[in-house]
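Dear colleague,

Please find below the structure that I promised to pass on to you. My notes on what was found in it follow directly after it.

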Amino acid sequence: MATDQRIAAIDTAAARMRAWEIAAEVPDPEVPVLTIGDLGVLRDVRLMEDGTVEVDITPTYTGCPAMSVFTMDIETALLKAGFPSVRIKTVLSPAWTTDWLSDEAREKLRAYGIAPPAGKASRRALFGDDEVACPRCGSLATEKVSEFGSTACKALWRCTACAEPFDYFKCH
Amino acid sequence: MTSDLFTYTLRLADDAAILGQRLGEWCGHAPTLEEDIGLANVALDHIGQARNLYSYAGEVEGAGRDEDQLCFLRKEREFGNCLLVEQPNGDFAQTIARQLFFSAFMLPFWRKLTGSRDETLAAIAAKAEKEAAYHLRHSGEWTIRLGDGTAESRARMQDAIDLLWPYTGELFEVDGVVERLVADGIAVDPETIRDEWHATLRRVCDEATLTLPPVGWMQSGGRSGRHSESFGHLLSEMQYMQRAYPGMRW
């Protein structure tokens, strides 16, 4: 390989890495403490020969309205950073799961006042609830108010120890 | 073969879209704020599933139709959804019974479809299965709460179950399209989930002190485009934007 080809290859790898970092930093419009990198929504970033950045994202819930905002925000962020064009693809498989949330992401959620998903997202029993700790006081004396919360990914809960109502990021 | 896959995918898309549209009618009208949000969330899941399925159907068809054209520019007789999902919301009990019957079927259905030889259907199913689990819990818990509730709520819940029961037979209908796709390992044979479906309903109804009607005469027609009277009204509202402003995009 000629030297200039080698330099070009290194440049491409570096540019791809930079594109990945920029895309990964895009915040979730509905849970702004998490980025799409934290969520695992960002699946792949490729740099095409013509300089186009191709980004793979996966939806959390199939009807999640945040997806179109993600798409717009990723495109804007990459164009602003100087990439000439951006193409965003939605991939469905493997299906997104809250198991992809890192410990750091879970802690960010808790600090923000949202109880992080409790346990692993295995196939669940028809009835019966997760054990959810209150994000404010840590008590396990909590109860579900509604299976569905302000967004598709959350449920409404309340703490019977400190009386705080809170969002629970559902195990999914 | 391709046309079988198109028809099959389109029926699944129509089921999801029409139920999503019906549930969306509750937005701003549900009994409590939490329930308003809950029903809208369930509607959103169905609409999301419909979008994926319509897009894939359009791809399979290869005639350049996208999700919007398939959902908003087809006529009544071209829709292949089952009659159950198009039934009017009625009172809250009827909405819950419709959801219970449908979700109790769709949860094992999606689970089996994850094993489909068609990778796209399997991927859509893997996501939809998780969502269906919530829908079943939600409608199951309400059925129990209303059935094992006051005399009024119990009577209404039982009426809703009796009213909608004859629409459940269609969930298990098998025609040439399904038969051929089952043989190819693409579709789910609905007969393989009948026992689980029935056991789920029995469990919920027992706890709700409600009676599940015996299997008798069942309504039919939706899969071949023969719909209830109310369906035309539903379409006229759902398709208004594309009819008034053809080709309009968000």
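I begin with one pair of strands in chain A, where strand E2 (residues 53-57) is joined to E3(A) by 5 bridges, the two strands running parallel. Please keep in mind throughout that this is a predicted model. Within this pairing, A:Asp56 has A:Lys89 in E3(A) as its bridge partner. Helix H3 (residues 66-80) of chain A packs on the sheet to which these strands belong, where it touches E2 and E3 of chain A, and its direction makes about 155° with that of E3(A).

The sheet itself is open and is formed by 3 strands of chain A in the order E1-E2-E3, with mixed pairing. Strand E1 (42-47) and strand E3 (86-90) of chain A each have a single partner strand and stand at the edges, so one side of each is left without a neighbour in the sheet. On average, and with direction ignored, neighbouring strands of this sheet are turned by 20° against each other.

There is also an open sheet of 4 strands in chain A, which follow one another in the order E4-E7-E6-E5, and here too the pairing is mixed. Its edge strands are strand E4 (114-115) and strand E5 (142-146) of chain A, each of which pairs on one side only. E5(A) runs antiparallel to strand E6 (residues 154-159) of chain A, and 4 bridges join the two. If you would like a residue pair to look for in the viewer, A:Glu143 stands opposite A:Arg158 in E6(A). As a general reminder, strands of a sheet pair through backbone hydrogen bonds, either parallel or antiparallel.

Turning to chain B, the picture is one of helices, since the chain has 11 helices and 0 strands. For the 250 residues of chain B, a compact globule would have a radius of gyration near 18 Å, and the value for chain B is 18 Å, which agrees. The C-alpha trace of chain B spans about 55 × 45 × 30 Å along its principal axes, and 48% of the 250 residues count as buried. Among the contacts in chain B with a separation of 6 or more, 75% are between residues 24 or more positions apart.

One helix pair in chain B may repay a careful look, namely helix H6 (residues 119-147) and helix H7 (residues 151-164), whose axes come within 7 Å and cross at roughly 130°. Because a crossing angle over 145 degrees would be needed to count as roughly antiparallel, H6(B) and H7(B) are described as oblique to each other. Where they meet, B:Thr143, B:Leu146 and B:Gly147 in H6(B) face B:Ser153, B:Arg154, B:Arg156 and B:Met157 in H7(B). By class, this contact of H6(B) with H7(B) has 2 nonpolar, 3 polar and 2 charged residues.

Finally, there is the contact between the chains, which takes 23 residues from chain B and 17 residues from chain A. On the side of chain B that touches chain A, helix H2 (33-61) and H6 of chain B each supply at least two residues, and the largest share, 13 residues, comes from H6(B). By class, that side of chain B has 10 nonpolar, 7 polar and 6 charged residues.

With best regards

Conventions
Residues are numbered from 1 along each chain as its sequence is written. Chains are lettered from A and ligands numbered from 1 in the order in which they are written. This is a predicted model: local features need pLDDT of at least 70, side-chain atom pairs count only at pLDDT 80 or more; totals for chains, interfaces and linings use all residues. The radius of gyration is taken over C-alpha atoms; the globule rule is 2.2 Å times the number of residues to the power 0.38. A residue is buried if 20 or more other C-beta atoms lie within 10 Å of its own, exposed if 12 or fewer, and partly exposed in between; C-beta atoms are placed from the backbone. Two residues are in contact if their C-beta atoms, placed from the backbone, lie within 7 Å. Two strands pair if DSSP finds at least two bridges between them. Axes are lines fitted to C-alpha atoms, for helices over the stretch in contact, and angles run from 0 to 180 degrees between N-to-C directions. Angles under 35 degrees count as roughly parallel, over 145 as roughly antiparallel, 65 to 115 as roughly perpendicular and the rest as oblique. Ala, Val, Leu, Ile, Met, Phe, Trp, Tyr, Cys and Pro count as nonpolar, Asp, Glu, Lys and Arg as charged, and the others, Gly among them, as polar.
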